[in-house]
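Visitor: Could you take me through one helix packing site at close range, and then show me how the rest of the chain looks from there?

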Amino acid sequence: MIYARYSSDKQREESIDGQLRICNDYAVKNGIAIVGTYIDRALTGKTDKRPQFLEMIEKSSEKEFQYVLLYKLDRFSRNKYDNAIYKHKLEKNGVKLLSATENIPDDPSGILLESVIVGLAEYYSAELSEKVLRGQTQNALELKWPGGLVPLGYKLDAEKHLVVDENKAFIVREIFDLYLQGYDPSSIAKLLNQKHYTTARGRPFTRSPVYAILHNERYIGTFTWKDIKKPDSIPAILDKETFFKVQDKIGYIKKNCIRASDQYLLAGKVFCSECGKKMVGRSGTSQNGTLYYYYTCNTKKCKTKNIRSDILERAVFKKTNEILSNKKTVVNIAKQAISLQKDTGTDIELLSIKNRIADTSKKIQNCIKAIESGIFSETLANTLNKNEALLKDLEIQLAKAKIRSERGKITEDKIRFFFESINQKAAQSDK
C-alpha cells in the first residue's frame, strides 16, 4: 500500500505523481506488489486530521496489506507522538512502514535513525511556521496583506496593499443599508442570494459572513491583523457614521432583546406568523406613563402587530399546563426522554476520562517499547513513572465518575414526579 501526501494547496498535483512514481520504482526493485494507494492533498502532517491517512490505519486491521510505502517518513507524520502511536497501530496489525528514499536499517540502529529523521521533520515544520508568522507580521506592519482570504469589497494591488474593488464593494454597502432598514443577518443573506451575490470565498451568503462583515473595522479604513490595529491606513468602503450606527444598533439589540430573557420568558422561542422570524422582547410607555412589555418582530417591513408579553405568556402557560395535566402525555414525554438518554451514549465526563486513560496507556506502552529496544535515559524513566502514576489516578477518577453517572441518570418516575410538581405549583398559583 502506498501513502502519499502534500501539505500546501500551493503545491502542484505533480508532487503526488512524483511520490507515486518513486514508490512504485522501489516496489518493483524490491519485489513488492502494490495493492492500492491512499492520498491526502493539501493537508499538513503536523496532525492526524487526514481522512485517507486515518482510513488507511483503520484498514490495516483487515490484514489486506503488509507494508505502507512512503516517499519519505515525513509523509507519514511530522509529529513525533502521532508517528509513534500510528506506527505502533500498524505494527500491531502486522504492517510495516517503508521509506522509498531513506535507507533505514532493520535493526536497533534503525530505531535511532528513524527517531532522528522524524524529529528533524517536526523541527523543520515548526521552524517554517515561525518564519511564516514572522513574515506575515512584517507585512502587516508595512500595511501589506499578510495572507489568507481578502475581505469582500477589497482586492490587492501589485505590492499586496488592500484597495477597493468596486465590483464587490457595493455588496458591503448594501449589507449595512439593509441592516439599518431593520433586516436581520439571516434575512440579509437570503436577499443577497436572491440576487446571486457571493461571499469573498465565492459561496452563497449565510448569517455568519453577514454578521462578520457588519463587525469588520477594515471597511472604515482600519487595518487589522492579530494584535496589529492601525486606523485610517487603508481605503475605506463605508463612512464612519454608517458603521457606528450599525454597531450602536447591534449593541442595543443585544442589551434589550437577547439579554432580556429574565423579563421576556419567550424571547427567541416565539416566531412571527407573517415572516417566520424569531420575535424579540421590547418595552414601551403609554401616554399615562405606564410601562408595557411586548413581543415584536424585528424585521422592519413586517406587518405583524406587537403582542403584550403578559397576555402571550399567560396563554402559553395555560396551554402548557393543560398538556402536562394529561397523564398519558407525561408518560409519553418521559419515555421519549429516556430514549434520548440512551441514544446520547456515554456520559461526557466518562468519555473524557476514558480518552485520557487510553492516551496515557499508549504513552506508557511507547516508553516500554523504547526501553525494550535498548533506548534508555533518565528522562524516559521519569516519563514512564509519571504516566503510570497518572494512569492510577485516572482509574480512580473513572470509578468515581461512574458512581456519579449512575446516581444522576433520569428515570420515568423522576420525570413524572417533576411534571407533577410543576402542575401542583401551577394549581396553587392560580388559587
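Guide: Let's go straight to the contact. Val172, Ile175, Phe176 and Tyr179 on the H5 side meet Val210, Ile213 and Leu214 on the H7 side. Keep in mind that this is a predicted model.

What angle do H5 and helix H7 pack at? The value is about 90°, and their axes are 10 Å apart. With that angle, H5 counts as roughly perpendicular to H7, since the roughly perpendicular range is 65 to 115 degrees. H7 itself covers residues 207–215.

Now for H5 on its own. H5 runs over residues 166–181, which is 16 residues. From the first C-alpha to the last, H5 reaches 23 Å, close to the 22 Å expected at 1.5 Å a residue. The buried residues of H5 are Ala169, Ile171, Val172, Glu174, Ile175, Phe176, Leu178 and Tyr179. Among them are Val172, Ile175, Phe176 and Tyr179, the H5 residues that meet H7. Glu174 is also on that buried list. After H5 comes glycine 182, with a positive phi near 115°.

Stay with Tyr179 for a moment, as there is a charge to look at. Lysine 249 lies over the face of tyrosine 179, 5.0 Å from the ring centre. So the ring of tyrosine 179 has a lysine over its face, with a cut-off of 6 Å for NZ to the ring centre, while tyrosine 179 is one of the H5 residues that meet H7.

H7 has another partner. Helix H6 (residues 185–194) packs against H7 at an angle of about 110°, with their axes 8 Å apart. H6 and H7 are therefore roughly perpendicular to each other. Here Pro185, Ser186, Ile188, Ala189 and Leu192 from H6 meet Arg207, Val210, Tyr211 and Leu214 from H7. Val210 and Leu214 are among the H7 residues that H5 meets, and they are among those that H6 meets.

Between H6 and H7 there is a loop, and histidine 196 sits in it. Its backbone is worth a click: histidine 196 is not a glycine, yet it has a positive phi of about 65°. Is histidine 196 buried or exposed? Histidine 196 is exposed, with a relative accessible area of 69%.

If you like positive phi values, there is another to check. Aspartate 232 has a phi near 50°, again positive in a residue other than glycine. You'll find aspartate 232 in the loop between S8 and helix H8 (240–256). At 57% relative accessibility, aspartate 232 counts as exposed. Aspartate 227 is in the loop between strand S7 (223–225) and strand S8 (228–230), and its 81% relative accessibility makes it exposed too. The C-alpha atoms of aspartate 227 and threonine 137 are separated by 9.6 Å, though these residues are 90 residues apart along the chain.

Next stop, the rings. The structure holds 7 aromatic pairs. One of them joins tyrosine 3 and phenylalanine 53, an edge-to-face pair at 5.6 Å centre to centre with 65° between the planes. Tyrosine 3 is in strand S1 (residues 2–5) and phenylalanine 53 in helix H2 (residues 51–59), so this pair links distant parts of the chain, 50 residues apart. Both tyrosine 3 and phenylalanine 53 are buried. Phenylalanine 53 also pairs with phenylalanine 76: the centres are 5.1 Å apart and the planes are at 65°, so that pair is edge-to-face. Phenylalanine 76 lies in the loop between strand S3 (67–70) and helix H3 (80–92), so its pairing with phenylalanine 53 in H2 ties together parts that are 23 residues apart in sequence. Phenylalanine 76 is buried, like phenylalanine 53. Tyr3, Phe53, Phe76 and Tyr86 form one aromatic cluster. Phenylalanine 53 has a charge over its face as well, with arginine 50 at 4.1 Å from the ring centre.

Zooming out, the chain's secondary structure comes to 13 helices and 11 strands. Buried residues make up 35% of its 431 residues. Of the contacts between residues at least 6 apart in sequence, 60% join residues at least 24 apart.

Key
Residues are numbered from 1 along each chain as its sequence is written. This is a predicted model: local features need pLDDT of at least 70, side-chain atom pairs count only at pLDDT 80 or more; totals for chains, interfaces and linings use all residues. Side-chain values use heavy atoms; hydrogens and water are left out. Rings of Phe, Tyr and Trp (its six-membered ring) pair if their centres lie within 6.5 Å; planes under 30 degrees apart count as stacked, over 60 as edge-to-face and the rest as tilted. Helices (H or I, at least four residues) and strands (E, at least two) are DSSP runs, numbered from the N terminus. Buried means under 20% relative accessible area, exposed over 50%, partly exposed in between (1.4 Å probe, protein chains only). A charge sits over a ring if NZ of Lys or CZ of Arg is within 6 Å of the ring centre and within 35 degrees of the ring normal. The expected span of a helix is 1.5 Å times one less than its number of residues. Axes are lines fitted to C-alpha atoms, for helices over the stretch in contact, and angles run from 0 to 180 degrees between N-to-C directions. Angles under 35 degrees count as roughly parallel, over 145 as roughly antiparallel, 65 to 115 as roughly perpendicular and the rest as oblique. Contact means heavy atoms within 4.5 Å.
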